[in-house]
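The following paragraphs explain the salt bridges of a protein chain and the surroundings of the residues that form them. Please consult the sequence and the structure while reading.

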Amino acid sequence: MEISDENFRVWTENTEVYFDGIFRLAGPDAYAPIHSMIVGLLHEGHKQVTFNLTGLEFLNSSGINLLAKLTIEARKMGELQLIVKGTNQYPWQAKSLPNLKKLHPLLDLRLA
């Protein structure tokens, strides 16, 4: 499945969710379709799900809140291993993504 507009794209390939572009959506309601798509994937019974953020140039505060909600949802799944791939190329990722480990200590954060 894919959700996109002129500035961003989110899509899934098997158990990997790719985030690409610039996310400046106007509040939590605008992120609701993305939330629903990913929560659906989390509840499919996979052992591992990966959020690939390496192409994500910018994420506003509502988008960071979305990642936090999805991380908490993954934590509730118990046996599900959540991997978050990021990049040091975008300074916001190096600053913000480690905070997700506070919400889910078993999260596997991979910044390259």
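Arg 9 is partly exposed, because its relative accessibility of 31% falls between the limits for buried (under 20% relative accessible area) and exposed (over 50%), computed with a 1.4 Å probe on protein chains only. Its side chain meets that of Glu 2 in a salt bridge, with N and O 3.2 Å apart; the term denotes a side-chain nitrogen of Lys or Arg within 4 Å of a carboxyl oxygen of Asp or Glu. Glu 2 is likewise partly exposed, at 42%.

This is a predicted model, in which local features need pLDDT of at least 70 and side-chain atom pairs count only at pLDDT 80 or more, while totals for chains, interfaces and linings use all residues. Residues are numbered from 1 along each chain as its sequence is written, and side-chain values use heavy atoms, leaving out hydrogens and water.

By the rule above, there are three salt bridges. In one of them, Glu 16 pairs with Lys 85, their closest N and O atoms being 3.6 Å apart. This pair links distant parts of the chain: Glu 16 belongs to strand E3 (residues 16-23) and Lys 85 to strand E5 (residues 81-86), 69 residues apart. Strands here are DSSP runs of at least two residues (E), and helices are runs of at least four (H or I), numbered from the N terminus. Glu 16 is buried, with a relative accessible area of 15%, whereas Lys 85 is partly exposed at 26%.

Asp 108 and Arg 110 also form a salt bridge, at 2.7 Å from N to O. Asp 108 is partly exposed at 26% relative accessibility, and Arg 110 is partly exposed at 40%.
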